[in-house]
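Dear colleague,

I am handing over the structure we spoke about, and below it you will find my notes on what turned up when I went through it. Please read them with the model open beside you.

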Amino acid sequence: MFGKILIANRGEIAMRVVRACRTLGIRTVAIHSDVDAAAPHVRFADEAVCVGPADPRRSYLNIPQIIAAAEITGADAVHPGYGFLSENAEFAELCRRCGLTFIGPTPEAMRLWGDKVRAREAAKRFGLPLLPGTTVLRDGEDAAEQAARIGYPVILKAAGGGGGRGMRVVRDDSEIRRAFETATSEAQAGFKNPDVYLEKFVEEPRHIELQVLGDGHGHIFTFGERECSLQRRHQKIIEEAPSPVMTPEKRAELSEVCTHALVETGYTSLGTLEFLMDERGNLYFMEMNTRVQVEHPVTELVTGIDLVENQIRAAAGQALSLPSGRALGLRGHALECRINAEDPRTFVPWPGLITEYLPPGGGGVRVDSGVYGGFRVPNNYDPMLAKVITHGATRAEAIARMRCALDEFVIGGIRTNIPLHQALLRDPDVVAGKMSTRTIERLRF
């Protein structure tokens, strides 16, 4: 097992990794920007190193500084969390060259599954269901020809990234060329890769994802699916496990085909395969995220498996023995609400001083947080402050506990999106499990 891990991240995920390392008896090194000097992950790690100013390009994305911090503190490994450098194959490669274990998949696997076009090709080769689509488009004319072949509406997607950047829905030929130019510009700006491709657009899809873990000994474990349909502009807001519409048979079938694909490609570490489900219940592979997901706690609560601890064990070379696939017994239901520092109606970020912070508690309630009362939320990073996760014997019980938890959560001095979560959990369609990725567009509160 590692003696010391550097955590190349901030906020609640950095705290999550600190806790996992403590449980495993591993010392930790926190990195931070100058505006994060008083952040919780800095306080609770064993050591801390400032890697630059607030601008993430000069701190949390500053690869030379992060590698230097690992070397001067004697770290054995680097945990990237999610976001920032977590899916950067060049960073993983450099860690390997410097004798540091990157706690994630190999650079080769990241390049295969992290590039959306290559991932589609691999998915097709190993039998994962796909929407009609293309390889990388040459130009606007190529986009127009391919869109006509597939049939409108279509969606342009960035080959090298996600999160809504480089994505454009196109409904007719008059829009396609301009949309192509916009998407390529966004892809270049966001991911330093202008490549985009086309897929058939599903109007009212559900977003379903499968949690997997490979241990480097030829074992792939699958831990059931999550429902992530409640999102805005491709950013998830509420997630749950299991999905209200998945059957045991469909879950087992999905697990088996994904296991085969990942065994064949030699995948190791945590990963998530993401799918769209159309109105008829058909699943189509979208992409794979080669890292721990924000929403991993809901899977932990319904499986009883600590995903981050086991990710670290796998990176240390241990062979894992975990229930998986058909042998996995899901226990009840879990929900997660992402609590952001933003106006709940306009979604404008709302940084500033947190004057009061009283998180909820009680049976079946978990809060993963990266802030406290008196902490000043900077305006340089993602606005997520915390995650509230509830667990119950049934979906109805998990929702009831989440309503109580949200009512109890006090965050003073700034605005948060808690009212949005409260409105969603009163919406009849959401309560009944009848939602799609467009549900929030229609919400009025």
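P242 is found in the loop between β11 and α9 (248-264), and the peptide bond that joins A241 to P242 is cis, with omega at about -5°. Please keep in mind that this is a predicted model. A cis bond also joins Y152 and P153, where omega is about 0°, and P153 has its place in the loop between α7 (140-150) and β6 (154-158). I mention these bonds because most peptide bonds are trans, just as most residues other than glycine have a negative phi.

On that second point, R233 has a positive phi of about 50° although it is not a glycine, and phi of H234, which is not a glycine either, is near 70°. R233 is in the loop between β10 (220-232) and β11, and H234 is found in the loop between β10 and β11 as well. R233 is exposed, with a relative accessible area of 66%, whereas H234, at 38% relative accessibility, counts as partly exposed.

Turning to the interior, the largest nonpolar core has 35 residues, of which I339, L385, F409, I411, L424 and L425 touch the most other members. At least two residues of this core come from each of β11 (235-241), β14 (333-340), β19 (384-392), α12 (395-408) and α13 (418-424), and α12 gives the most, with five residues. If you would like one residue to start from, L425 touches I238, L335, C337, I399, M402, R403, L406, V430 and V431, when residues up to four places away in sequence are not counted. A second core, separate from this one, has 30 residues and includes V18, A77, L213 and L320.

The aromatic pairs come to nine. One of them is formed by Y60 and F84, which are stacked, with 5.1 Å from centre to centre and 20° between the planes. This pair links distant parts of the chain, since Y60 is in the loop between β3 (47-52) and α3 (63-73) while F84 is in the loop between β4 (77-79) and α4 (89-97), 24 residues apart. Y60 is buried, with a relative accessible area of 0%, whereas F84 counts as partly exposed at 29% relative accessibility. Ring pairs also bring in Y381, so that Y60, F84 and Y381 are linked into a cluster.

As for the domains, the assignment of the chain gives domain 1 (4-103), domain 2 (133-200) and domain 3 (206-442). The C-alpha centres of domain 1 and domain 3 lie 23 Å apart, and 33 residues of domain 1 are in contact with 29 residues of domain 3. About 2300 Å² is buried between domain 1 and domain 3, and carbon and sulfur atoms give 61% of that area. The count of salt bridges between domain 1 and domain 3 is four.

Which residue forms a salt bridge with R16? The partner is D306, and the closest N and O atoms of the two are 2.9 Å apart.

Over the whole structure, the search finds 39 salt bridges. Among them is the one between D46 and R27, whose closest N and O atoms are 3.9 Å apart; this pair links distant parts of the chain, with D46 in the loop between α2 (40-44) and β3 and R27 in strand β2 (residues 27-33), 19 residues apart. D46 counts as partly exposed at 41% relative accessibility, and R27 also counts as partly exposed, at 41%.

R168 and E186 form a further salt bridge, the closest N and O atoms being 2.5 Å apart. Because R168 lies in strand β7 (residues 168-170) and E186 in helix α8 (residues 173-191), this pair ties together parts that are 18 residues apart in sequence. R168 is partly exposed at 28% relative accessibility, and E186 is partly exposed at 24%.

R366 and E300, by contrast, are both buried, and their side chains meet in a salt bridge at 3.0 Å, N to O. R366 lies in strand β17 (residues 365-369) and E300 in helix α10 (residues 296-303), so this pair ties together parts that are 66 residues apart in sequence. Finally, salt bridges that share partners join E209, R226, K236, E239, E274, E295 and R338 into one network.

With best regards

Note on methods
Residues numbered from 1 in each chain as written. Predicted model: local features only at pLDDT ≥ 70, side-chain atom pairs only at ≥ 80, totals over all residues. Heavy atoms only, no water. Core = buried A, V, L, I, M, F, W, Y, C linked by side-chain atoms within 4.5 Å. Buried < 20%, exposed > 50% of the residue type's maximum accessible area, 1.4 Å probe, protein only. Helix = DSSP H or I, 4+ residues; strand = E, 2+ residues; numbered from the N terminus. Contact = heavy atoms within 4.5 Å. Phe/Tyr/Trp six-rings, centres within 6.5 Å; stacked < 30°, edge-to-face > 60°. Domains from an automatic or database assignment. Buried area = accessible area lost by both parts, 1.4 Å probe.
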